[in-house]
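User: I am new to reading protein structures. Please take a close look at one part of this model, its inside, and then follow the chain outwards from there.

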Amino acid sequence: MRDALKANGRNKVVVSGLWTEVCNTTFALSAMLEGGYEIYMVADASGGTSKEAHDYAMQRMIQAGVVPMTWQQVLLEWQRDWARKETYDAVMAIVREHSGAYGMGVDYAYTMVHKAKQRTTKQHEVLAPVPA
C-alpha cells in the first residue's frame, strides 16, 4: 500500500472500511505519521464492532488530525462543479436514489422547476387521518 500511495504522488487519501477501531485507525495514524498523508475518513462508509467502538475510533482519529466525512460529501466534492457535465447525470442519479431528503429535493427541482418527468408513476395509498 505504501508503494502504491508513493507512486501516486498525491498526499490526500480517502479511507473507509471495516473495522474502524482497528484497520481504519491503524492505517490512518500510520499514514499520517510515517508518510505525511492527509487522511479523510468516510465515517458512514466504515463500521466498527459496535457503535461505541466506531465512534471512539473516529474521535481518536479526529484528535490526531484525520478529517471526518460522509459518503455524500466525498461524492459531491469530487463532482465539485455542476458545470462538469460529463459526470453530472451519474452523480445526480446516485443522489436521487440514495441521499434521502437531499435526493428528494433534487427530484423536486427536476420535476417542478425543470419540468422533468416524475421517476415513479405508481400511485401511493393515501391514509385517512387518525384522530388524536
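Analyst: Let us begin with a word we will need throughout: a residue is buried under 20% relative accessible area, exposed over 50%, and partly exposed in between (1.4 Å probe, protein chains only). What you see is a predicted model, in which local features need pLDDT of at least 70 and side-chain atom pairs count only at pLDDT 80 or more, while totals for chains, interfaces and linings use all residues. Residues are numbered from 1 along each chain as its sequence is written, and side-chain values use heavy atoms, with hydrogens and water left out.

Start at strand β2, which covers residues 38–42 (helices, H or I with at least four residues, and strands, E with at least two, are DSSP runs numbered from the N terminus). Of the 5 residues in β2, 4 are buried, so this strand is largely enclosed by the rest of the structure.

Now look at the strands that pair with β2 (pairing takes at least two DSSP bridges between two strands). One partner is β1, residues 12–15, which runs parallel to β2 and is joined to it by 4 bridges. Find Val14 and you will see Tyr40 of β2 standing opposite. Between these two strands the chain passes through helix α2, residues 20–35, and this β-α-β crossover is right-handed. Here is how to read that word: with the strands pointing away from you, the path from the first strand over the helix to the second runs clockwise.

Strand β3, residues 67–69, also pairs with β2. Their pairing is parallel too, with 3 bridges, and Met69 of β3 is the bridge partner of Val42. The connection here is made by helix α3, residues 51–64, and together β2, α3 and β3 form a right-handed β-α-β unit.

What fills the inside around these strands and helices? The largest nonpolar core has 12 residues: Leu5, Val13, Val15, Ala28, Ala31, Met32, Tyr37, Ile39, Met41, Met58, Met61 and Val66. A nonpolar core is a set of buried Ala, Val, Leu, Ile, Met, Phe, Trp, Tyr and Cys residues joined through side-chain atoms within 4.5 Å. At least two core residues come from each of β1, α2, β2 and α3, and helix α2 gives the most, with 3. In soluble globular proteins, nonpolar side chains tend to be buried together.

Next come the charged side chains. There are 3 salt bridges in the structure (each a side-chain nitrogen of Lys or Arg within 4 Å of a carboxyl oxygen of Asp or Glu). Side chains of opposite charge can pair when their charged atoms come close.

Go back to α3 for one of them: Asp55 and Lys51 meet there through their side chains, at 2.5 Å from N to O. These two are 4 residues apart in the helix, so about one helical turn separates them. Asp55 is partly exposed, at 27% relative accessibility, whereas Lys51 is exposed, at 59%.

Further along the chain, Arg96 and Asp107 form another salt bridge, at 2.6 Å from N to O. Arg96 belongs to helix α5 and Asp107 to helix α6, so this pair ties together parts that are 11 residues apart in sequence. Both charged residues are buried: Arg96 has a relative accessible area of 17%, and Asp107 has 16%.

The remaining example joins the side chains of Arg84 and Glu86, at 3.9 Å from N to O. Arg84 is partly exposed at 28%, while Glu86 is exposed at 63%.

Two details of the backbone are also fun to find. The peptide bond between Leu18 and Trp19 is cis, with omega at about -20 degrees, and Trp19 sits in the loop between β1 and α2. Arg80 has a positive phi, near 65 degrees, in a residue other than glycine. Its place is the loop between α4 (71–79) and α5 (85–98), and with 70% relative accessibility Arg80 is exposed.

Finally, follow the chain to helix α6, residues 100–113, where you will find Val113. Val113 is exposed, with a relative accessible area of 54%. From its C-alpha atom to that of Glu125, 12 residues away along the chain, the separation is 26 Å.
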